[in-house]
Amino acid sequence: AKKRNPKIITYGLPWAFPGWVKGDSQENNPFAHPELTAKYIVEWLRCARDTHGIDIDLVGLWNECGNPGQGENAYAKLLRRTLDEEGFGNTKIVAKDNDVSVCGEMGDDPEYNDAIHAIGLHYPRDYPEGIYDECHKLGKPFWSSEESSSYADNNGAACWARVISSHFVLSGMTSNIMWNLVGAYTHGTNWYNSALFGADQPWPGYYERDDAAPVVWATAHYTQFTEPGWTYLPVRNGSGELAAGV
């Protein structure tokens, strides 16, 4: 994908960690020894760069799991320092792939706020009005960093198109990341075909395309005409809700 489009932004988000990062701790807490967890992330970034020639642009903390009581916020500060010291200053941190509580935590901790490049929420809602005021006060890029979880069919395409538009118009979010990119699960498994398109028979190289991939076409209505870094016209000055919602 990177060879086809060098402008693609790469984003790594840990869902789990190797047991050794916990050191001698018996808890399921990857932040018990944050220096070990930061080392693990740096080595993963180094492997991507030196072995595969891919610079990772963004990295998250821990998918939908961490909290300040576990030391996640302190880890984020250490990770930022470690990335800078190890030559990965261009790799930015997203926090924290969970709920809106991260905005209050960042507002209360200037050092934590400084370590974070962008706010990433999972499956955010667009109501009630003003729900994200605290987030916008931070002046950070504001994203839906996991979205959709709908099937790769016409209903899923309609849902995906709706959230891309509504998240910007109603909530000021400028990025939506689909989970997941390719539905390569076997029939009958959880979240089967919850994806951008299906490819559940990888052995012959088959994947859904054309009319069988409506979510791809819904995405193309946005991505074929924009690039990362472009600026949306402000709401009520070039974009916004249609009259009477139709």
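In strand β6, S144 has N176 as its bridge partner. Strands here are DSSP runs of E with at least two residues, and helices are runs of H or I with at least four residues, numbered from the N terminus. That bridge belongs to a parallel pairing: β5, residues 142-148, and β6 are joined by 3 bridges. Two strands pair if DSSP finds at least two bridges between them.

Before I go on, a word about what we're looking at: this is a predicted model, where local features need pLDDT of at least 70, side-chain atom pairs count only at pLDDT 80 or more, and totals for chains, interfaces and linings use all residues. Residues are numbered from 1 along each chain as its sequence is written, and side-chain values use heavy atoms, with hydrogens and water left out.

Now let's widen the view. The sheet is open, has 6 strands with parallel pairing, and follows the order β1-β2-β3-β4-β5-β6. Its edge strands, each pairing on one side only, are β1 (11-12) and β6 (176-179).

Next, have a look at D126, in the loop that runs between β4 (118-122) and α5 (133-136). How far away is the nearest side chain of opposite charge to D126? It is R162, at 5.4 Å, and D126 is buried yet has no salt bridge. Buried means under 20% relative accessible area, exposed means over 50%, and partly exposed is in between, with a 1.4 Å probe and protein chains only. For charge, Lys and Arg count as positive and Asp and Glu as negative, while His and the chain ends are not counted. A salt bridge needs a side-chain nitrogen of Lys or Arg within 4 Å of a carboxyl oxygen of Asp or Glu.

What D126 does have is polar contacts from its side chain, to the side chain of S166 at 2.9 Å and to the side chain of S171 at 2.5 Å. A polar contact is a pair of N or O atoms within 3.5 Å; within protein, one must be able to donate a hydrogen and the other to accept it, and residues adjacent in sequence count only if both atoms are side-chain atoms.

Last stop, the cysteines. The whole structure holds 1 disulfide, meaning a pair of cysteine sulfur atoms within 2.5 Å. C103 and C135 form this link, with 2.0 Å from S to S. C103 sits in helix α3 (residues 101-108) and C135 in helix α5, so the pair ties together parts 32 residues apart in sequence. Both cysteines, C103 and C135, are buried.
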